[in-house]
Amino acid sequence: MAKEKYEESSSDEEVDSSSDEEVDSSSDEVEASPDEVESSSDEVEASSDDVESSEDESLSDNEKVEESDSSEDEVAPRNTVGDIPLVEWHKDEEHIGYDIKGRKIKKQPRKDKLASFIEGADDPKNWRKIYDEYNDEEIELTKDEIKIIQRVISGRTPHAEVNPYEDYVDWFEYEDKGHPLSNAPEPKRRFIPSKWEQKRVANLVRKIRAGLIKVSDQQKEEEHTAYLLWTDDTDSVENKKRGGYVPAPKPKLPGHEEGYNPPVEYIPTAQEINSYELMFEEDRPKFIPRRYLNYRSVPAYDKGVKESFDRCLDQYLCPRTRKKRINIDPESLKPKLPSRKDLRPYPTTCYLEYRGHMGPVNCISVDPSGQWLASASTDGTARVWEIETGRCLKIWEVGEVARQICWNPSPDRPILAVVLEYDVLLLNSGMADIDIQTKMKELLHISEPGATEDAGDSKSAVTWIQHEKHDGIRMKHFKAVSSIEWHFKGDYFTTVVPSGDSKAILVHQLSKKHSDKPFRKLPGIPVTAVFHPSKKKFFVATKKFVQVYDLSKAKRIQKLETGVREISSISIHPGGENLIVGSKEGKMCWFDLELSTRPYKTLKTHSKDITRVTFHRTYPLFASASDDCTAYVFHSTVYSDLNQNPLIVPLEILHGHKPEHGRGVLDCKYHPRQPWLFTAGADSTIKLYCH
């Protein structure tokens, strides 16, 4: 609005500024527009007097304000609300903001356009006025402000006293000073970065990152030209730079006995010379002193050429190197491990033996409550033991070699899964109250035999039938089963059929009596498979690798490279981020799944095949069993800090089993609540080790 008013006034009235001298002079006059020619000269003079009086008042007010170097207005605005849309926010209010003391600034009464036009036509100073919307007031421009606006519109500098094209001042004096090469101002390219230099710098940075250019932090030292004249140069800077260079030893300086006229006491007698002939050549003196009257009588040295040749030959054929011997205490190279006393409790001694099997015990399993122990043997039986007393409570005659046995991890489902040659038996252990026993009978009942058919295959992978003898379920597989593992919720379990090709890994659901093959093709022959203890992940161990699958996305997310000859067993840490792998060459690999796909540590512990590795559920312990009739107990602390590596400390070697047909300890399991370790051996016994 102010701009429109000023443009209308400036179109009617013009300020006559014919030259810069007239602008600078204080006697500038403002000509009236053709519409105001009829106005008298008295009104013009009066208006000029009013302008001068207003300027004096503004100067008196500005003197009170301190001077400032800023380019903004020196007087602070009356309204303190800030840069906000006043028209939108205060359109329904009676005020437009607040002053510095917090008082409301009321709105001025609005005039309609007709009244304001009539008032502006009658007011000769109307062309000088502009409207300040922020403070809701009209401001009258001074004479100097009008001059500045006129100069800016005409494309000149605001202030007349500023000359942008001043003469060049040479601030430096030269002896043979002539005239400068150029008096023109600095070109624009001097102040703009060169794009070619930018490309050159980017190219250098790219080569440095790629390793094509090596930047050394230390500056090259000046070449050492000085040398030691009288002392040995073995410790000189030149030799230190060369590393292992050792200078040739200097020959011994001649003494008094080697002079042409030595003292009498240095000259040997005839007896001494004869005694030299009886010595070995290595022990004889190299030089025998002789006495001559003058220097001209001294003959030439007959062995001089030969000794010079031998010396040159020694320097050529005998290299000299400086051997750096490092004095290190062997004890300091050992890792600093905590004391075993601070890591207690852990199993150390054999407390109890469970006897009753007539053949090697292939597998053992502890129920989730920690009261019962199940075992499977080659004598065709599966047994349940009471842990605290060692009493055998129940025996199942399965009629075949029981390869593996696994207890359901859910406390509400006391079910045992026994692996035979081609079958898997799901048995009710009977170790629960009557209500749970009734539910288990209903869960393990099948009205009609069910088979899992594969698309495109005429032969079923698994057939679910009722086992009448033991009142359970018999799952018939099309090929031999090697291992079985339960899901932590107790409804799903997996079986491994190594020679099953696409049906090598099968996942079964107990509640629906249904089986499924999750993988169409496996990269190798599977050895064992386990579920993640808390997440939807599935681990499949082949002979050399461990494949990690995400069951929710149905894809492989990791491939762990063990570097061993053949994997025999795996176990997952209760936290789920660490894994141990046992091999058939006595090595055990620890994997940190968040760190790398390669082993964090490889432990060479046993002299024979490792048959089983296992983690404790609550204590920081893990163990390994081997055919060398030993079981190793380790301490393992996994920290929540990702920057700190796991602490692995070997604690104890447990002995007690006897070898049978080249086999030793076949299985080992930890108690779910106590730091106890159970071991099953080929000598038909089960041992309990306590702290």
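The exercises below work through several features of this predicted model, each with a solution in steps.

**Exercise 1. The nonpolar core**

Find how many residues the largest nonpolar core has, and which elements give two or more residues to this core.

*Solution.* Begin with the membership: the largest nonpolar core has 24 residues, and among those with the most contacts inside it are Ile-415, Leu-426, Trp-486 and Leu-510. Next, turn to the secondary structure, where two or more residues each come from β13 (415-419), β14 (423-428), α11 (434-443), β16 (462-467), β17 (472-477) and β18 (483-486). Then look apart from this core, where another core of 16 residues lies, including Trp-372 and Trp-407. Finally, take Trp-486 and leave aside its neighbours within four places in sequence: its contacts include Trp-407, Pro-409, Ile-415, Leu-426, Leu-510 and Phe-531. As a general background, nonpolar side chains in soluble globular proteins tend to be buried together.

**Exercise 2. The buried side of a helix**

Identify the buried residues of helix α6 and work out why they are on the same side of it.

*Solution.* First, list the buried residues of α6 (residues 143-153), which are Ile-146, Lys-147 and Arg-151. Second, consider their directions around the axis: because they cover an arc of only 135°, they are placed on the same side of α6. The general rule behind such a pattern is that an α-helix has 3.6 residues a turn, so residues three or four places apart point the same way. Third, follow the chain beyond the helix, where α6 is followed by Gly-155, with a positive phi near 85°.

**Exercise 3. An open sheet**

Determine the strand order of the open sheet of 4 strands, and state which strands stand at its edges.

*Solution.* Start from the order, which is β7-β36-β35-β34, with antiparallel pairing. The edges are then β7 (349-355) and β34 (665-670), and because each has a single partner strand, one side of each is left without a neighbour in the sheet. Neighbouring strands are turned by 20° against each other on average, direction ignored. For the pairing in detail, β7 and β36 (residues 685-690) are joined in the antiparallel sense over 6 bridges, and Thr-349 stands opposite Cys-690 in β36.

**Exercise 4. A loop residue**

Decide whether Leu-551 is buried, partly exposed or exposed, and describe its surroundings.

*Solution.* Locate Leu-551 first, in the loop between β24 (545-550) and β25 (555-561). Its relative accessible area is 41%, so Leu-551 is partly exposed, given that buried means under 20% and exposed over 50%. Leaving aside neighbours within four places in sequence, Leu-551 is in contact with Phe-531, Lys-536, Lys-537 and Phe-538. Lastly, Leu-551 and Pro-518 are 33 residues apart in sequence, yet 8.8 Å apart in space, C-alpha to C-alpha.

Notes:
Residues are numbered from 1 along each chain as its sequence is written. This is a predicted model: local features need pLDDT of at least 70, side-chain atom pairs count only at pLDDT 80 or more; totals for chains, interfaces and linings use all residues. Side-chain values use heavy atoms; hydrogens and water are left out. A nonpolar core is a set of buried Ala, Val, Leu, Ile, Met, Phe, Trp, Tyr and Cys residues joined through side-chain atoms within 4.5 Å. Buried means under 20% relative accessible area, exposed over 50%, partly exposed in between (1.4 Å probe, protein chains only). Contact means heavy atoms within 4.5 Å. The arc is that of the directions from the helix axis to the C-beta atoms. Two strands pair if DSSP finds at least two bridges between them. Axes are lines fitted to C-alpha atoms, for helices over the stretch in contact, and angles run from 0 to 180 degrees between N-to-C directions.
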